[in-house]
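The following exercises concern strand pairing, sheet edges and helix packing. Each task is followed by a solution in steps.

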Amino acid sequence: MPVKKYLKETIKLGGRDLTVETGRVAKQADGSVVVRYGDTMLLVAAVGAPSPREGIDFFPLTVEYREHNYAAGRIPGNYFRREGRPGEKEVLTCRLIDRPCRPLFTEGYRNETQIIASVISADQENDPDVIAITGASLALYLSDIPFETPIAGVRVGLIEGRYIINPTYDEVRESRLNLIVAGTEEAIVMVEAGAKEVSEEIMVEALMLAHKEINRLCRWQKELYKALGIEKRPVTPPQLNEEMLGEIERNYSEKMRAALDTESQGKQASYASIDALKKEVVEAHPEDAPEQRAMAKKIFDHLKEKIFRDDILNKRRRPDGRRFSEIRPIECEVGWLPRTHGSALFTRGETQAMVTSTLGTKADEQFMDDLESGEIKRRFLLHYNFPHYSVGEVGRFGSTSRREIGHGALARRALEPVLPSEEEFPYSLRIVSDITESNGSSSMASICGGSLSMMDAGVPVKKPVAGVAMGLVMEGNKYAILSDIAGAEDHYGDMDFKVAGTADGITALQMDIKIGGINAMIMQEALEQARKGRMHILSVMEQALPAAREDLSPYAPRIITIKINPDKIRDVIGPGGKIIRSIVEETGAKIDVEDDGTVFIASADEQAAQAAVARIRGLTAEADIGATYVGTVSRIVDFGAFVEIFPGTDGLLHISEIANHRVRDVRDELKEGQQIVVKCIGKEGNKIKLSRKAVLRDEQGNNGAEGDSDQ
């Protein structure tokens with residue numbers, strides 16, 4: 001292993017210093033860097049196995065990203081007090097690193113390769129995720145691993161019409177746009193965005209601004225590469241046997257074109273035809289010549305992609321016969337699951353999502369460890385499941401895959417901007433999308449189904465949301481933009497471009513590009529075509545359910561919100577929670593009390609909820625000066641009596657305020673347990689002053705007034 005040279009350099013990004021240091025930490029890794037932005041620091045290490053992994057036809061890359069609690073000066077809050085399985089943020093950041101890096105390794109490189117990014121210092125101001133993208137590129141590029149095109153990651157925000165590069169956590173919360181872009185010096189290769197209904201023009205402007213900064217960071221990395229004098233490992237690109245290629249192309253091209261046609265036979269039949277044809281091509285070569293058979297497989301796959309792309313670019317025909325801008329037939333059904341709070345079955349072509357919405361209370365919020373603030377609460381959850389049967393396959397059920405987490409996060413980002421505020425709608429909400437059939441863009445089907453299922457549940461969403469997946473096939477100056485791409489178009493195309501939003505703007509965007517050279521004009525054209533597709537899908541959804549139902553599902557809890565004096569919270573809770581438990585047991589309602597005195601009472605039974613409200617109001621009611629109450633004499637003393645005007649709340653009725661005449665002994669006028677009418681005449685802290693004499697005086701005054709009016 002060559003001795004690592006030490007290097008430390010800084011560049012300005014978003015008004016702050018981005019510093020990289022290499023040759024000091026983790027020197028036995030093939031490439032390692034410490035990247036610093038503000039006081040946020042990451043250690044990123046990359047290792048590539050010295051020899052290729054035999055018998056595989058894919059690149060074995062793994063990416064890991066970890067946020068260590070010590071980076072923010074915290075101890076993990078779980079039972080074991082150490083970091084466990086990666087959280088959602090860590091999984092999503094792994095994907096942010098993997099997606100732009102994977103296509104840029106030298107073709108033919110099959111060595112086991114691993115990238116590990118660790119957050120080792122966190123300043124609670126700068127999000128490490130985009131820094132990790134650039135850090136991964138630096139670790140790979142400043143090593144001998146055959147990663148020859150550097151990339152960089154940048155976040156763009158939009159506050160009051162002003163674009164911000166790498167906004168802080170606080171700025172992101174204010175921003176209409178949270179856009180993460182990764183790219184090379186020449187082109188954008190990955191986009192991940194959430195937005196509050198921004199226009200297509202704003203999105204293109206933000207993308208171009210991000211790429212300008214990315215271009216600068218990539219050129220900076222090339223300067224560091226030259227300064228270190230790095231030599232990359234040699235990789236022999238795979239070569240096809242030209243003679244065999246010509247033979248297979250002559251004999252099987254037309255059969256291949258017919259097998260790829262899904263218009264007449266559907267996806268499953270097409271796949272079966274292709275598999276049968278592949279078997280025929282491979283078995284045409286001797287069984288005792290495994291090298292020839294392996295080459296035949298490679299040539300078959302190459303030819304399949306070549307014919308697919310030729311049909312689109314030159315014959316201007318898609319495999320299923322649709323126009324480039326045409327959306328597959330859509331069917332929407334809502335309310336078809338009788339006992340869920342809201343449900344929708346969304347079918348688009350051969351992709352189908354069964355989506356449900358469930359309403360819950362404050363107790364159902366998700367608590368998550370967070371590097372910025374320690375712990376966050378999430379009231380809106382969206383879970384995406386992709387069972388193997390959805391594509392006609394057999395597979396093992398395990399934990400949620402990174403892909404499922406990523407698709408669920410994309411759908412949640414798309415729907416979150418249209419949710420009512422917690423003040424308007426004090427519910428927790430969980431959407432589950434089960435993909436029951438898949439041939440292209442099940443995440444977009446989840447968004448459409450999620451929107452419909454919320455409306456079916458009676459959630460007062462601001463607007464419906466729909467999503468559409470776009471594709472691009474491009475060679476030289478020829479290109480074709482495809483709406484609502486199917487599986488093969490995703491696999492063999494040059495771009496996977498998912499756009500979701502309302503009729504008024506984009507709420508989420510995800511894009512992966514396999515080639516360079518996509519300009520702003522093509523981007524604008526693709527976004528406009530996506531907008532038209534989205535509008536069409538929204539119109540079909542509107543026919544199924546034009547607006548949110550006025551009433552909640554009868555099976556959903558009714559939540560009543562009341563405010564009490566925070567000083568009265570202890571009266572509701574009681575010693576050891578005794579009082580609140582008794583209310584819950586008596587009424588069956590769920591009760592959540594916030595520190596600010598907000599109380600949420602939830603029950604599917606309206607009478608039970610109102611009974612709980614009455615109990616809490618009785619426990620927390622406060623006397624108003626000048627108000628009259630019917631109270632019960634609870635205790636008599638020499639100087640007066642204590643009168644309970646609310647459950648657990650007594651006021652003092654002084655002996656001088658009992659009657660209009662002089663009272664010598666309180667017991668001559670009152671008895672314990674007697675109900676009397678009293679008036680609040682004063683408050684000092686928690687002490688309440690009551691008067692019966694004032695009530696008698698008021699009654700006499702009213703009687704006198706009535707007598708005057710009779711004369």
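Two strands count as paired if DSSP finds at least two bridges between them. The structure is a predicted model.

**Exercise 1.** Determine how E22 and strand E24 pair, and place them in their sheet.

*Solution.*
Step 1. E22 and strand E24 (residues 598-603) are joined by six bridges in the antiparallel sense. The required minimum is at least two bridges, so the two strands count as paired.
Step 2. Within this pairing, Ile559 has Ala602 in E24 as its bridge partner.
Step 3. The open sheet comprises three strands, ordered E22-E24-E23, with antiparallel pairing.
Step 4. Strand E22 (558-563) and strand E23 (590-593) each have a single partner strand and stand at the edges, so one side of each lacks a neighbour in the sheet.
Step 5. On average, neighbouring strands of this sheet are turned by 15 degrees against each other, direction ignored.
Step 6. Helix H14 (residues 606-620) packs on the sheet and touches E22, E23 and E24; the direction of H14 makes about 15 degrees with that of E22.

**Exercise 2.** Describe the open sheet of eight strands, its edges and the helices that pack on it.

*Solution.*
Step 1. The strand order is E8-E7-E9-E10-E21-E20-E18-E19, and the pairing is antiparallel.
Step 2. At the edges stand strand E8 (162-165) and strand E19 (478-483); each has a single partner strand, so one side of each is without a neighbour in the sheet.
Step 3. Neighbouring strands here are turned by 15 degrees against each other on average, direction ignored.
Step 4. Strand E18 (residues 466-475) runs antiparallel to E19 and is joined to it by six bridges; the bridge partner of Val473 in E19 is Ala480.
Step 5. Helix H9 (residues 442-457) packs on the sheet, where it touches E18 and strand E20 (495-502), and its direction makes about 155 degrees with that of E18.
Step 6. Helix H4 (residues 200-228) lies across strand E7 (152-159), E8, strand E9 (177-183), strand E10 (188-198) and strand E21 (505-513), at about 145 degrees to E7.

**Exercise 3.** Which face of strand E5 is covered, and what is the handedness of the β-α-β unit that includes E5?

*Solution.*
Step 1. In strand E5 (residues 61-67), Leu61, Val63, Tyr65 and Glu67 make up the covered face, whereas Thr62, Glu64 and Arg66 form the uncovered one.
Step 2. E5 and strand E6 (residues 111-121) run parallel and are joined by seven bridges. Glu67 has Val119 in E6 as its bridge partner.
Step 3. Together with helix H1 (residues 88-101), E5 and E6 make a β-α-β unit that is left-handed.

Terms used: Residues are numbered from 1 along each chain as its sequence is written. This is a predicted model: local features need pLDDT of at least 70, side-chain atom pairs count only at pLDDT 80 or more; totals for chains, interfaces and linings use all residues. Side-chain values use heavy atoms; hydrogens and water are left out. Buried means under 20% relative accessible area, exposed over 50%, partly exposed in between (1.4 Å probe, protein chains only). Helices (H or I, at least four residues) and strands (E, at least two) are DSSP runs, numbered from the N terminus. A crossover is right-handed if, with the strands pointing away from the viewer, the path from the first strand over the helix to the second runs clockwise. Axes are lines fitted to C-alpha atoms, for helices over the stretch in contact, and angles run from 0 to 180 degrees between N-to-C directions. Contact means heavy atoms within 4.5 Å.
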